[in-house]
Structures are given as C-alpha cells and as structure tokens.
Amino acid sequence: MSTLPHSEQRRVELSIAPRDSDDDGIDEPPVAGTMGPTGRPRRHIPEPEPVAVHGPAQVLAVCNQKGGVGKTTSTINLGAALTEYGRRVLLVDFDPQGALSVGLGIPPHDLERTIYNVLIEGSVGVRDVVMETCVENLHLLPSNIDLSAAEVQLVSEVGREHSLMRTLRPVLADYDYVLVDCQPSLGLLTVNALTAADGVLIPLECEYFSLRGVALLIDTIDKVQDRLNPKLSITGILATMFDPRTLHSREVMARVVDAFGETVFDTVINRTVRFPETTVAGEPITTWAPRSAGAKAYRQLAREVIAR
C-alpha cells in the first residue's frame, strides 16, 4: 500500500474556531417515533453489531449527475463514520477532478499512479495504488485528471462496463464497504460504477432543479440493473444542504418523501460552514469537528447504511 509523507500532503491549517466550539450536545441517536426533518416519524435504527472478520465488501456508488449536491462530502464523511463503527472502508475517487483525493489532503496532481493506471495498465495492481488516509481503517484509491482519458480508451475494450468491477475484485475481501464517488455525469465511468455496485446512494440537494434530475438517474439505474447488474438497487436517497428555515427546502423535502417513500434516509444533512472548512483541512468532519451537528448526522447515516 502506497502513502505520501505527511509533509507532502500539504495539509492546510485554518485559523478558525476550535474544533469543539460548535458542540451540539450529547452525541446520541435520535429517538425513534419522534418527528424528523423528513416530515415523518423516525424509524428505529439498531446499534451496529461489531464485526470480527472483515469483508466481503458491499460496494456503494455515490451518484448524481448534477454537480454540487454533496457527493464527495458524503462519500468522505460516511466512510469516516463507518470506521467509527469498526468497519474497514475503501473510498474510490472515480471523478477526474480528484475532489475526493483533495478532500482527504492528498494533492492529486502529484500522484504518479492512480486508479487510471489500474484500469488501463495491466502491470499495475489495485494494491499498488491504494493509500492510507488520516483516518484509521479508511483507505483511498485516488484519481486525477488522467482518468478523463480512460473514458475514451475504454470504449474499444471488451466488457468495458465491467472494468471497475475487475479493478476492485482483488480487494473486496479486505473491506466491509467500498464507496465510489462518481463524476457528475451519466457517462461510461458512472456506468462502470453502477455495474460494480451492490447499491446506489443518491445525495439530493433540497432544491427544485436537483429533484428534476433524479428521474433521469433512476432511469439509468434501471437500465444498468436490467442489462448489466441485476443485483443493483437503490440503497437510499440522502437529502443534503437542507435549510429548515426556508419554505423551499421544506417543500422539496416533502416532494422527495412523497415520491420515494421509505427509500429516503431519515438522516438529513443540513447546510453548515463546517463542510467547506473540512475540505481545506483535508480531513472528514468526524475528526475536524467531531461534536458538530454535521458529524453527528453522518454517524447517524452510517447507522442507517449498516442497518440496510
């Protein structure tokens, strides 16, 4: 497993309030039966059972063709929260922009080998590229702009939609979860992620235009399920960037719950300044501001994902 020296990760220290300054009280799960931000009673989410043996991994594609809805933020923070429950997690940066790598303090342009090399070059194995992160049991398969060339190069490959599946197969036994951060499009890379996945987690910004695009994504999921990956299902829809003070957010939330019902997670991610700070800091909110409302929300989401 490769790793960058700490000095090369260019971690940026922020001159902001102490990490525990936004303490939101005792970190306990919400009470089942009480009314949640989705406008329905909260469901009972059991305490996750400890795991004695890791693997085989459940692969989740974090996907939405609309950009700026919280895919990368959710991938990082859900992965970090899952490790707090004793799970081993691999994060896959499957976006040529490399935002997931940046969000974990790793400058993608300085990397000699990325997931692109594993996909295209037969001599590079996935274990040669997987990196450790600042969170124990949270590993990263990084990406950079080189990945944009893979979409063109894979077009002529036999079984091109299964390229990511073949890439991940050797390490599935090492992890409990593999979270794939997809690019904001429905191109060949995203189809690869859906073909390799057991489930899809859809971050949905509580805004009208985000709601309109989900139908197209679900149509793509249905086609992949029918033609390439029969086991694929929607693990859940995660409402992000929710502002309970605005009527618009509440109306969009109500429409999402009406349309998708029990598929919508009880956990809702509110807008907070802490998430942009964590991107610059290069670490998850669960370690940057561990007692913040955002950190607690992602821990609750981790409980729901494990329960499903």
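A residue is called buried here if its relative accessible area is under 20%. With that cut-off in mind, the tour of this predicted model can begin at strand E6.

**Stop 1: strand E6**

Select residues 199-205, which form strand E6. The strand is mostly covered, with 7 of its 7 residues buried. Display the side chains and compare the two faces. Gly199, Leu201, Pro203 and Glu205 point one way from E6, whereas Val200, Ile202 and Leu204 point the other way. Both sets are buried, and Glu205 is among them.

**Stop 2: the partners of E6**

Add residues 58-62, strand E1, which pairs with E6 in the parallel sense over 3 bridges. To find the register, select alanine 61, which stands opposite valine 200 in E6.

Next, add residues 233-242, strand E7. Here 7 bridges join E7 to E6, and the two strands run parallel. The residue to pick in E6 is leucine 204, which stands opposite alanine 239 in E7.

Now show helix H7, residues 208-227. Which hand does the β-α-β unit made by E6, H7 and E7 have? The unit is right-handed.

**Stop 3: the whole sheet**

Extend the selection to the open sheet of 8 strands. Its order is E3-E4-E2-E5-E1-E6-E7-E8, and the pairing is mixed. The edge strands are E3 (131-132) and E8 (264-270), each of which pairs on one side only.

Within this order, select residues 89-94 for strand E2 and residues 177-182 for strand E5. These two strands pair in the parallel sense over 6 bridges. Valine 92 offers a point of reference, as this residue stands opposite valine 180 in E5.

**Stop 4: glycine 70**

Return to E1 and select glycine 70, in the loop between E1 and helix H1 (71-84). Is this glycine buried or exposed? Glycine 70 has a relative accessible area of 15% and is therefore buried. Beyond its neighbours within four places in sequence, glycine 70 is in contact with Pro203 and Met241. Pro203 was already seen at the first stop, as one of the residues of E6. For a distance across the model, select alanine 32 as well: this residue is 38 residues from glycine 70 along the chain, and their C-alpha atoms are separated by 26 Å.

**Stop 5: an aromatic pair**

The model has 1 aromatic pair. Select phenylalanine 275 and tyrosine 298, which form this pair in an edge-to-face arrangement, 5.8 Å centre to centre and with 85° between the planes. The pair links distant parts of the chain, 23 residues apart: phenylalanine 275 lies in helix H9 (residues 274-281) and tyrosine 298 in helix H11 (residues 293-307). Both phenylalanine 275 and tyrosine 298 are buried.

**Last stop: the entire chain**

Clear the selection and view the protein as a whole, with its 11 helices and 8 strands. The C-alpha trace spans about 55 × 45 × 40 Å along its principal axes. A compact globule of 308 residues would have a radius of gyration near 19 Å, and the protein, at 19 Å, therefore agrees with that expectation. Of the 308 residues, 53% count as buried.

Colouring by surface and by contacts completes the view. The accessible surface comes to about 13500 Å², of which 53% belongs to carbon and sulfur atoms. Among contacts with a separation of 6 or more, 81% are between residues 24 or more positions apart.

How values were computed
Residues are numbered from 1 along each chain as its sequence is written. This is a predicted model: local features need pLDDT of at least 70, side-chain atom pairs count only at pLDDT 80 or more; totals for chains, interfaces and linings use all residues. Side-chain values use heavy atoms; hydrogens and water are left out. Buried means under 20% relative accessible area, exposed over 50%, partly exposed in between (1.4 Å probe, protein chains only). Helices (H or I, at least four residues) and strands (E, at least two) are DSSP runs, numbered from the N terminus. Two strands pair if DSSP finds at least two bridges between them. A crossover is right-handed if, with the strands pointing away from the viewer, the path from the first strand over the helix to the second runs clockwise. The radius of gyration is taken over C-alpha atoms; the globule rule is 2.2 Å times the number of residues to the power 0.38. Contact means heavy atoms within 4.5 Å. Accessible areas come from the Shrake-Rupley method with a 1.4 Å probe; for residues, only the protein chains shown count as cover. Rings of Phe, Tyr and Trp (its six-membered ring) pair if their centres lie within 6.5 Å; planes under 30 degrees apart count as stacked, over 60 as edge-to-face and the rest as tilted.
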